[in-house]
Amino acid sequence: MKRVHPLALIGGVIVAAFLLSAPMFLKSYGIYLLALWAVTTIAALGLNLTLGYAGQISLAQGAFVGLGAYTTALMTGAGVPYFVAFLASGVLTFAIGWCLGYPALRVQHHFLAFVTLAFSTLLFLLMRNEQWLTNGIYGINDIRRPTVFGISTNKNTEFYYFALSMLVAFAFIKWWMIRSPWGRAFIALRENPLRAASLGVNVRRYTLMAFAIGSAFAGFAGALYAPLVQFIEPNSFQLTYSLKLLLMVLVGGAGYFLGPFMGALIDLLLPEWLRFTQGYYLLIYSALVVTLMAFCPTGVLGIVERIREARISRAASAARAAQAPSATSSN
Amino acid sequence: MSSFLQLLVSGLATGAIYALVAVGFSLLWQTSQTINFAQGEFVMIPAFFVLVAIKVLGLSFPIAALIGIAVAALVLGVLFKRVIVDPMLKHGVLPLVVSTIALSLFMREAVKDFYSSQAQPFPSLVADHDITIFGTVFSAQSLALLVVALVVVGALHGFLQHTRLGRMMQATAQNPTVARILGIEVERMILYTFLINSILCAIASILISPIYLAKFTNGETLGLAAFVAAIIGGFNQARGAMVGGVLLGILDNLCAAYVSAQYRAAVPLLLLVVIILFRPQGLMGRVEERTV
């Protein structure tokens, strides 16, 4: 196992302290944004599993979030306890992810991308047109917030702590999965599918699992999203949202564990910081993404890693240079 | 019956446009493994080049249209290849996919911010009037569109199949290594593919904008249609994209009329899923063999 760099340790402690104490010095909107960050990160974590570890493009992560959100909103609206609805959202998205991936992963190329693209549009049409169930374009209002261990999450602060603890739980699940033999098989798949196959890894089943689990993460994120925002409508879960999640994972760094955290943070904070640019925000953001991809396709964390590697190799060559004179003098 | 004929012709007209866009899309994929998620925006934006030439430079429509095509070839062909695709190709498919997604967003926002967020009227090729053939009324516009698109598709097909250059391009698409061994300048062929794609997109743009009006969101539906058409037809065959495009256009129009206008957009997608399930290589495609 890699030794944890002391700087990384200190950074981690600072981040944790900030996240825990944030409600004390942030206004309600700031807390709401942080809760949204936690929820979005869960969805991005799932996509990172599909994309960064199993190497498949999914263009339906946003749609799966929508599916989870609608499932939770409709079930809690019908009087079902929140945690039952929460679990149902995850199970449903897992099952649908499995059914979508099954045919798509039979064939090579990026067919999953196309199938998920189709699914994302189909789901939007269903949400918009089936008014008897989803209330169409008017969306669902007044989604109740859950009571966790007897604590009501009606205030943003309480909900934020709830979302944060969920994020920690899901991050832990993912961390554990990646380190298990299972997760190692995922990585083997990404690095070299043919080699993995010849070593006895069932490529298709593992890819399918990665995708289905990734989708389930989105479903759980949706189950948190609905009570957080308390109003859902089909437009929020259009293809654009899926694309945004995809950009988040790649901007943060696909295949890096911390990538989605970073990507979601950038995606939520940048619009706030670039507010002075007014309407030009998306223009600037998209131009930045194109530039980032051209110079560092492994994302922001890729840049960090590159700098670290450069420093290590500089240090190594400095060490060699220090040894070199003694080597020449002995000759 | 006459309404069916009308639907068929308007479906053919839409389909011919889809075919134009889909052919370019699959050509790019074949020669350079570029999945261009900005293909729809490539069709949306040349209309605005033409509008700028008319409004700002005060040119007449035919000259403006030619300038629009030329600018498209330069920006969406050469510049797109040099600035976006070339530096990223060595990193694999994924960064390029993300980059083209961001590019599509960029182009959409640029038109919205710097031109207009409103749908813009666009001059049409022919004056709008109705033509009656065999007791069925057709709009002159969609007939003209159909003719022009078919001529372009036909010319492209002839070029690819029957000229030396076209066959060299096909060879590059099918197997770049062997093509290089045979003395074909692979790099130049790839550049030609990008040029052809941008010109096809510009033509489609000029044909379709009088009907749908020029608007910054036009690319969404068109890009998706090109995508679906290319896969239905077979990703590795230019011919397949043509068939897929026409099929999709007809299906789209018939379904809107006879099945459900609400779920019109769902039909091509369901077709896509069925094709992937039962014939993943596409209607016209060859099965690709994998080398170990």
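Leaving aside neighbours within four places in sequence, Met248(A) is in contact with Thr40(A), Gly259(A), Gly263(A), Ala264(A) and Asp267(A). Contact here means heavy atoms within 4.5 Å. The model is predicted: local features need pLDDT of at least 70, side-chain atom pairs count only at pLDDT 80 or more, and totals for chains, interfaces and linings use all residues. Residues are numbered from 1 along each chain as its sequence is written, chains are lettered from A and ligands numbered from 1 in the order in which they are written, and side-chain values use heavy atoms, with hydrogens and water left out.

Met248(A) belongs to helix α11 (residues 239-252) of chain A. Helices (H or I, at least four residues) and strands (E, at least two) are DSSP runs, numbered from the N terminus. The relative accessible area of Met248(A) is 1%, so the residue is buried. Buried means under 20% relative accessible area, exposed over 50%, and partly exposed in between (1.4 Å probe, protein chains only). From Met248(A) to Thr72(A) the C-alpha to C-alpha distance is 25 Å, with their positions 176 residues apart in sequence.

Helix α11 of chain A also holds Ser242(A). Ser242(A) is buried, because its relative accessible area is 0%. Its side chain reaches the backbone nitrogen of Gly62(A) at 2.9 Å. The rule for such a polar contact is a pair of N or O atoms within 3.5 Å; within protein, one must be able to donate a hydrogen and the other to accept it, and residues adjacent in sequence count only if both atoms are side-chain atoms. Not counting residues up to four places away in sequence, Ser242(A) touches Leu59(A), Ala60(A), Gln61(A), Gly62(A), Ala63(A) and Ser120(A).

Ser58(A) sits in the loop between α2 (28-53) and α3 (61-77) of chain A. Its relative accessibility is 1%, so Ser58(A) counts as buried. The side chain of Ser58(A) reaches the backbone nitrogen of Ala60(A) at 3.3 Å. Beyond four places in sequence, Ser58(A) touches Leu47(A), Thr50(A), Thr116(A), Phe211(A) and Leu246(A).

Salt bridges were then counted. Side chains of opposite charge can pair when their charged atoms come close. With a salt bridge taken as a side-chain nitrogen of Lys or Arg within 4 Å of a carboxyl oxygen of Asp or Glu, the count comes to 6 over all chains. One of them joins Glu41(B) and Arg108(B), at 3.0 Å from N to O. Glu41(B) lies in helix α2 (residues 39-44) of chain B and Arg108(B) in helix α5 (residues 93-114) of chain B, so this pair ties together parts that are 67 residues apart in sequence. Both Glu41(B) and Arg108(B) are buried.

Arg108(B) also forms a salt bridge with Glu220(B), the closest N and O atoms being 3.5 Å apart. This pair links distant parts of the chain, with Arg108(B) in helix α5 of chain B and Glu220(B) in helix α10 (residues 219-233) of chain B, 112 residues apart. Arg108(B) has a relative accessible area of 16% and is buried. Glu220(B), at 42%, is partly exposed. Glu41(B), Arg108(B) and Glu220(B) are thus linked in a network of salt bridges.

Lys112(B) pairs with Glu109(B) in a further salt bridge, with the closest N and O atoms 3.7 Å apart. Lys112(B) and Glu109(B) are 3 residues apart in helix α5 of chain B, so about one helical turn separates them. Lys112(B) counts as partly exposed at 32% relative accessibility. Glu109(B) is buried, with a relative accessible area of 6%.

In helix α3 (residues 46-55) of chain B, the buried residues include Pro46(B), Ala47(B), Phe48(B), Val50(B), Leu51(B) and Ala53(B). The buried residues of α3(B) pack against α2, α4 (61-89), α5 and α9 of chain B.

The whole structure was also searched for cavities. On a 1 Å grid over the protein atoms alone, a cavity is a set of points where a 1.4 Å probe fits but cannot get out, and lining residues have an atom within 4 Å of a point. The search finds 1 cavity of 30 Å³ or more. The largest cavity holds about 60 Å³ of space. Grid points are joined across faces, edges and corners, and a volume is the space filled by probe spheres set on the points. The lining consists of Ser124(B), Leu125(B), Val126(B), Gln141(B), Ala144(B), Leu145(B), Leu207(B), Pro210(B) and Ile211(B). Helices α6 (140-162) and α9 (186-212) of chain B each supply at least two residues of this lining.

How values were computed:
1 Å grid on protein atoms, 1.4 Å probe; cavity = no way out; pocket = protein on both sides within 12 Å on 5 of 7 lines; lining within 4 Å.
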